[in-house]
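Subject: Structure for you to look at

Dear colleague,

Here is the structure I promised to pass on to you. Please open it beside this message and find each residue as you read.

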Amino acid sequence: EYLLVGGHEYRVCLDVSESIPYDESHLSLCSKDDALEPATFFSDSASSIIDELPVFILDTSLGAAKSPSTGDSFIRTVDASGFYKDTRGRLRRGDLIRIGHPDTGETFRVSTDLSRDFADSIIPLGSKDDPYTPASLSTQSLVHSTYEVQSFSIRSNADSVTLSPSASISSGYRMRFKSETTAVTTGGGGKGCLRWDGSVAEIKAELEAMAGIGSVTVTKEEMSSIVGGVGAGVKYYITFTGLNVRGNVPPLQIVDVGKNGCLDAHNSGGFFGQDLAPISVEQENIPFIPFYEVQTTVEIPYDAEAGDMKVAIEALSRAGNVDVSREVNRHGFSWDVTFVNTKDSLYSPLLVISANGEHLSASIDSGVSVVGIQQVEINTNSSGVPYFVQVAAVNSFGIGPFTNSNPRAIEVSPQPPSEPIDIFAEPLSDTEILVQWNPPLENGGRQITHYKIEYDESSSFTGGGNNGPTGFISLSSVKITPVSDIQSVTVKIDSSGAKSALYLSGSFSLEFDGQKTGQLPFNASPWEMQAALE
């Protein structure tokens, strides 16, 4: 699971041991890129002692997929304890999910093919573009998977028997992964024969020579005999870390033990082939991969007002603030959504909106689509003249086909200006109100000549004659001058309780909109202050 601790991103460790505790009072921290690599928290605070820090988890987390494999067209869902988890309370058919990473993970939809099970522990995967079409996991998803660990033991079949060490009488075996077999080392006999008690470096080199593996880490454990049971020997642990072996890995096979060119100490008077306990490969760590829902609104009515659409989108923690307008579009509606500002994201800028129209119904071809809008303002030379517009895309290979605008032609003509912005009113006395504003963003193609200021005791501005405002003022724009903002900076000594004379000294800095000046002397001149701010 991804965590945010004091502004830093981590994952909860999967390798839990005494040195990396995970219990009701401890949370293990590992690298955000590898949940098996322990990480150390470094505070941004100047203090070396921190009593409390905020800890956040992603509200889009749905748990983990168990034993994922390349080519799987479904995922098995589990919770943090490894028990199967039913996600149907949060996901519907057609909803978007991301596997591996909340933003950069591979994106799918829950399949809308009703013949495919969507059950308490199974999510069928559909294409993000067409949820009815099956889709499957690729290495893009599995790169975020935890590592699988496999082990095997070589030991005698009785506690009274000790296998002959390879240092005195060599014995060997080969390893097979899928269709590849070890073929390099000769320490245990012919090509690819490993010594039964050889070093971890020998096994690592052989496995990494296989094209289908890439990289592994290998550890070795000396096994003591069990009274009345199997004898002493060795146990190897292979952790698959290569990109080709992420997710669920086919089991290794131990083959050619003491035969087919691999040595057997028994043939030289020692103990090996006839004295071995059965060799089996065990799965020590099952791989998991986290998956996340793409933030989804509540159900939105097909004819939702602009305000309803705005509320639904702004309820998503990643969306920020939006402006929404609605208009009738043939037999349906269109909403233009403008993202005014977005909330900070750890991962990437704002993601593209998508729609799930599985619950729409109509007599003919119900559907919903989302398109991005690109815009540019073009300065023309003449007004009252029809202009035609067409647009084409360009890449390194050339210009694509043009598409005409809709409507095909439009006349450029002066327009009324847009609304003034940043309007502010405050009382000056019992009979006066101060009104301040900034000019509109668009002047409609003509110089603004006047501003009309209306006032009324009713918010509907119908309290005067003829259902109009109580009063208004028409103010020429030539009489309006910008008002400079004046702020005061004071540096002084708090002399309360002082028993002797105090003297001011030192320096200070000013910060504005994320920018900070250098240090200014406590008695800086106006010119020094101006130079620092400019």
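Glutamate 202 has a relative accessible area of 21%, and because buried is a word kept for values under 20%, this residue counts as partly exposed. Its partner is arginine 195, with which glutamate 202 forms a salt bridge whose closest N and O atoms are 2.6 Å apart. Arginine 195 is partly exposed as well, with a relative accessible area of 27%. Please keep in mind, here and below, that this is a predicted model.

This pair belongs to a wider set, since the structure holds 11 salt bridges. Some of them share a residue: Arg92, Asp95 and Glu299 are linked in a network of salt bridges. In one part of that network, the side chain of aspartate 95 meets the side chain of arginine 92, with 3.2 Å from N to O. Is aspartate 95 buried or exposed? With a relative accessible area of 4%, aspartate 95 is buried, whereas arginine 92, at 25%, counts as partly exposed.

In the other part of the network, arginine 92 meets glutamate 299 in a salt bridge of 2.5 Å, again taken from N to O. Where do these two residues lie in the chain? Arginine 92 sits in the loop between strand 7 (74-78) and strand 8 (96-99), while glutamate 299 sits in the loop between strand 19 (288-293) and helix 3 (306-314), so the salt bridge ties together parts that are 207 residues apart in sequence. Glutamate 299 itself is partly exposed, with a relative accessibility of 48%.

Helix 3, which follows the loop of glutamate 299, deserves a look of its own. Which of its residues are buried? Ala306, Met309, Ala312 and Ile313 are buried in this helix. These residues cover an arc of only 125 degrees around the axis, and therefore they lie on the same side of helix 3.

Finally, please turn to the surface, where Val489, Val491, Ile493, Leu504 and Phe522 form a nonpolar patch. Together, these residues have about 340 Å² of accessible area. One of them, phenylalanine 522, is found in the loop between strand 33 (520-521) and helix 4 (526-533). At 30% relative accessibility, phenylalanine 522 counts as partly exposed.

With best wishes,
A colleague

Terms used
Residues are numbered from 1 along each chain as its sequence is written. This is a predicted model: local features need pLDDT of at least 70, side-chain atom pairs count only at pLDDT 80 or more; totals for chains, interfaces and linings use all residues. Side-chain values use heavy atoms; hydrogens and water are left out. A salt bridge is a side-chain nitrogen of Lys or Arg within 4 Å of a carboxyl oxygen of Asp or Glu. Buried means under 20% relative accessible area, exposed over 50%, partly exposed in between (1.4 Å probe, protein chains only). Helices (H or I, at least four residues) and strands (E, at least two) are DSSP runs, numbered from the N terminus. The arc is that of the directions from the helix axis to the C-beta atoms. Patches are made of residues with over 30% relative accessible area and no salt bridge: like charges are joined within 9 Å, nonpolar side chains (Val, Leu, Ile, Met, Phe, Trp, Tyr) within 5 Å. Accessible areas come from the Shrake-Rupley method with a 1.4 Å probe; for residues, only the protein chains shown count as cover.
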